[in-house]
Amino acid sequence: MDNTRTNNIESDKKTCAVDTDTASSLDCKTCTISLLASGILQTAFNAEDFQGLSRRKIWRLISIFSSEFFATAVLLFLLCSVIQASLFKGEANHLTVGTSAGFAVGTSVMIFGHISGSHINPALSLAAVLLSEISLPMCLFYIVAQCAGATFGYSLTRAILPESVSSPTSNSSYVSFCCSGPTSQLEDSPSQVLLVELIGTAILCWAFCSALDKRNLNKHDSLPVKFAIVIIALALPLGYYSGCSVNPARSFGPALYNQHWKHHWVYWIGPIIGSSLTAILYRCLFDPVLTETATNDTRRDPATINLRKNSHKCEEEP
């Protein structure tokens with residue numbers, strides 16, 4: 001998943017407002033956290049992508065929207081189609097569905113990853129904001145495209161269903177077909193379902209953060225396969241609890257089409273909390289500038305630039 005944020009930030013104008021005398025009295029950890037937070041806020045509220053819209057910028061936005069739209073549509077179409085095929089035999093095969101979910105994600109990443117990053121997941125787009133990869137306005141742009149694409153992809157799946165099967169009057173189970181929902185054992189425990197989605201999305205976000213890390217730039221050829229493995233690893237165990245959506249857009253498309261909103265809030269809150277916590281932890285613990293392997297161009301956001309310029313001041317602390 002490539003970095004889609006434009007390199008338009010004039011970093012030399014946004015250096016940390018900490019002089020030498022003051023820095024010497026700061027605790028290193030406080031200095032680091034404050035600089036990271038400053039950089040995140042500067043990038044998050046940068047609306048430069050939507051200002052001064054030239055023809056080139058407009059086409060870039062159209063390209064990004066189309067990429068996320070079709071990437072999420074492909075995911076929903078492939079995933080729900082395999083569930084449908086399993087239901088033709090009477091029951092969805094858990095192993096088949098979990099494996100196909102991984103292949104569907106891998107397919108979307110392979111096709112669209114170089115265009116928009118193929119987030120195909122609002123929770124991951126929010127994590128990208130916290131990683132200073134995209135701005136908050138761009139994140140909202142991504143989410144709209146993902147939710148629209150999910151609805152379109154699910155609609156395509158329903159379009160290929162025989163009328164005798166998909167009609168609610170003939171088969172009431174298809175009213176909630178492919179909708180996210182807990183197993184019968186957790187039907188009355190939304191807090192546990194939320195926890196499952198939070199943990200699952202956190203693990204997925206670890207992989208996402210690792211993919212965006214500049215130290216992994218030379219390992220992107222196998223990225224679709226890696227994400228397929230991660231999704232399969234999550235879907236097989238967690239699918240028995242919450243259905244393992246770990247993707248609010250994946251849950252939104254079928255819910256909107258069928259107007260099936262039971263427990264739907266869980267599939268937004270859990271992933272959003274999980275991805276946000278993971279992204280913040282990754283920035284604080286594993287950001288390249290905080291390690292010995294960091295290079296001069298590992299990250300382009302203001303937080304890293306400020307940290308690099310002031311890291312020697314933190315090291316002076318006893």
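Colleague: Let's start with C80. Is C80 buried or exposed, and what is its relative accessibility?

Modeller: The idea is a cut-off: buried means under 20% relative accessible area, exposed over 50%, and partly exposed in between (1.4 Å probe, protein chains only). C80 has 0% relative accessibility, so C80 counts as buried. Do keep in mind that this is a predicted model, in which local features need pLDDT of at least 70, side-chain atom pairs count only at pLDDT 80 or more, and totals for chains, interfaces and linings use all residues. Residues are numbered from 1 along each chain as its sequence is written, and side-chain values use heavy atoms, without hydrogens and water.

Colleague: How many disulfides does the structure hold, and which cysteines form a disulfide?

Modeller: The test is a pair of cysteine sulfur atoms within 2.5 Å. The structure holds one such bond: the sulfur atoms of C80 and C178 are 2.0 Å apart. The two cysteines come from distant parts of the chain, 98 residues apart, with C80 in helix α3 (residues 55–88) and C178 in the loop between α7 (163–166) and α8. Because the torsion about their S-S bond is about -80°, the disulfide is left-handed. C178, with a relative accessible area of 6%, is buried.

Colleague: And what about C205: where is the nearest cysteine sulfur?

Modeller: Let me put it beside another cysteine. C147 is buried, at a relative accessible area of 11%. C205 is in no disulfide, and the nearest cysteine sulfur belongs to C209, 3.9 Å away. With 0% relative accessibility, C205 counts as buried too.

Colleague: Stepping back, how many helices and strands does the chain have?

Modeller: Both are read from DSSP runs, numbered from the N terminus: H or I of at least four residues for a helix, E of at least two for a strand. Here there are 12 helices and zero strands. Of the 318 residues in the chain, 50% are buried. For contacts, the rule is heavy atoms within 4.5 Å. Among the contacts with a separation of 6 or more, 78% join residues 24 or more positions apart.

Colleague: I get lost with helix packing. At what angle do the axes of α5 and α8 cross?

Modeller: Two packed helices are described by the angle between their axes and the distance between the axes. The axes are lines fitted to C-alpha atoms, for helices over the stretch in contact, with angles from 0 to 180 degrees between N-to-C directions. For α5 (residues 122–130) and α8 (residues 190–212), the axes come within 10 Å and cross at roughly 50°. That makes α5 oblique to α8, given that under 35 degrees is roughly parallel, over 145 roughly antiparallel, 65 to 115 roughly perpendicular and the rest oblique. In α5, A123, L124, A127 and A128 meet T201, L204, C205 and F208 of α8. This contact has seven nonpolar residues, one polar and no charged.

Colleague: How do α8 and α11 pack?

Modeller: The axes of α8 and α11 are 7 Å apart, at an angle of about 40°. That angle makes α8 oblique to α11. Their contact comprises 17 nonpolar, six polar and one charged residues.

Colleague: And at what angle do the axes of α10 and α11 cross?

Modeller: At roughly 170°, coming within 9 Å. α10 and α11 are therefore roughly antiparallel to each other. P248, S251 and F252 from α10 meet Y267, W268 and P271 from α11.

Colleague: One backbone feature puzzles me. What is the phi of V246?

Modeller: Most residues other than glycine have a negative phi, and most peptide bonds are trans. V246 is not a glycine, yet has a positive phi near 45°. V246 lies in the loop between α9 and α10 (248–258) and counts as buried at 5% relative accessibility. H263, also a non-glycine residue, has a positive phi of about 60°. H263 sits in the loop between α10 and α11 (266–286) and, at 15% relative accessibility, counts as buried.

Colleague: Last one: where does K214 lie?

Modeller: In the loop between α8 and α9 (223–238). K214 is buried, with a relative accessible area of 17%. K214 and P288 are 74 residues apart in sequence, and their C-alpha atoms are 7.8 Å apart in space.

Technical notes. Nonpolar A, V, L, I, M, F, W, Y, C, P; charged D, E, K, R; others polar.
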